[in-house]
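User: I've got a fold open on my screen and I'd like to talk it through. Can you take my questions one at a time?

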Amino acid sequence: MAELRILGIAGSLRAASLNRSLLRAAVGLAPEGMAIELFDLASVPLYNGDVEAAGDPPGVAALKKAVAIADGVLMVTPEYNHGVPGVMKNAVDWASRPPGEAPLGGKPVGIIGASPGITGTARGQSQLRQAFEFTNSFCMPQPELLVFKAHEKFDAEGRLTDAATVEYLQRYLAAFGDWVRRFAPAVG
Ligand SMILES: Cc1cc2nc3c(=O)[nH]c(=O)nc-3n(C[C@H](O)[C@H](O)[C@H](O)COP(=O)(O)O)c2cc1C
């Protein structure tokens, strides 16, 4: 059977982003039969209905195609002011278009996140989950992965060094693989 194709999206544009580092760790820890490809949101402009009406810009077209061909999408979100950062929400907004034919419609989705604080993106993840109700995506309910005090869990090169978080991430990815297979039983 073919490998599960997971699209990984980090909701931060920072080179040294903790969430990008978490996503890179996920790539390395993906279980057998799962491949995680990364999409960089730097190429995606702010949503504008006039721009959309004139035709999706290249970064948007690439994002929508990447979501469409993925078996599942893994969102790795920071938390800004107790919510989803605009960079991440903007990606969801573009990929929710057009209504009825949106790449995110019916797509299995997982949400994880990392922050230096003690709540580990709990509120940001919760808010992002709400958006997937409207996009009609299938957001995995459990398990959750909240990487708190994340600055203590990666080394200077962004490698995940915390053994417990490695284990949680492996467990999360295994569960996410099972979740995605429910919607693509012929794959993986
Ligand atoms: C505008 C702004 C708002 C923030 N608000 C929160 C917050 O509500 N909760 C939290 O845990 N961290 C908050 N932080 C800290 C971020 O979690 C931290 O900068 C984190 O490293 C961002 O993710 P990244 O490393 O992937 O870029 C905020 C940071 C910024 C820049």
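**Loops, strands and the ligand**

Analyst: Let's start with Thr 121, which is buried, with a relative accessible area of 0% (buried means under 20% relative accessible area, exposed over 50%, partly exposed in between, with a 1.4 Å probe and protein chains only). A word on ground rules: this is a predicted model, where local features need pLDDT of at least 70 and side-chain atom pairs count only at pLDDT 80 or more, while totals for chains, interfaces and linings use all residues. Residues are numbered from 1 along each chain as its sequence is written, and side-chain values use heavy atoms, with hydrogens and water left out.

User: Which loop is Thr 121 found in?

Analyst: Thr 121 isn't a glycine, yet it has a positive phi of about 75°. Helices (H or I, at least four residues) and strands (E, at least two) are DSSP runs, numbered from the N terminus. On that numbering, the home of Thr 121 is the loop between E4 and helix H5 (122-134).

User: Asn 136 has a positive phi too. Does it count as buried or exposed?

Analyst: Asn 136 has a phi of about 60° and is not a glycine either. Its place is in the loop between H5 and E5. With 53% relative accessibility, Asn 136 counts as exposed.

User: Over to the strands. Is E3 enclosed or exposed?

Analyst: On one side of E3, Gly 72, Leu 74 and Val 76 are buried, and on the other, Val 73 and Met 75 are buried. In a regular strand the side chains alternate between the two faces of the sheet. Five of the five residues of E3 are buried, so this strand is largely enclosed by the rest of the structure.

User: How many bridges join E3 to strand E4?

Analyst: Two strands pair if DSSP finds at least two bridges between them. Leu 74 stands opposite Gly 110 in E4. E3 (residues 72-76) and E4 (residues 108-114) run parallel, and the number of bridges joining them is four.

User: And what is the bridge partner of Gly 8 in E3?

Analyst: Strand E1 (residues 4-10) is mostly covered, with six of its seven residues buried. Five bridges join E1 to E3, and the two run parallel. In E3, Leu 7 has Val 73 as its bridge partner, while for Gly 8 the partner is Leu 74.

User: Which helix makes a β-α-β unit with E1 and E2?

Analyst: E1 is joined to strand E2 (residues 34-39) by six bridges, and they run parallel. The unit is right-handed: with the strands pointing away from the viewer, the path from the first strand over the helix to the second runs clockwise. The helix in that unit is H1 (residues 18-29).

User: Now the ligand. What share of its exposed area does the protein bury?

Analyst: A polar side-chain atom of Arg 14 lies 2.7 Å from a ligand oxygen atom, and one of Glu 79 lies 2.8 Å from a ligand nitrogen atom; a polar contact is a pair of N or O atoms within 3.5 Å. An N or O atom in the side chain of Ser 115 is 3.0 Å from a ligand oxygen. Taken alone, the ligand exposes 620 Å² (Shrake-Rupley method, 1.4 Å probe), and the share the protein buries is 70%.

Methods
Polar contact = N/O pair within 3.5 Å; in protein donor to acceptor, adjacent residues only side chain to side chain.
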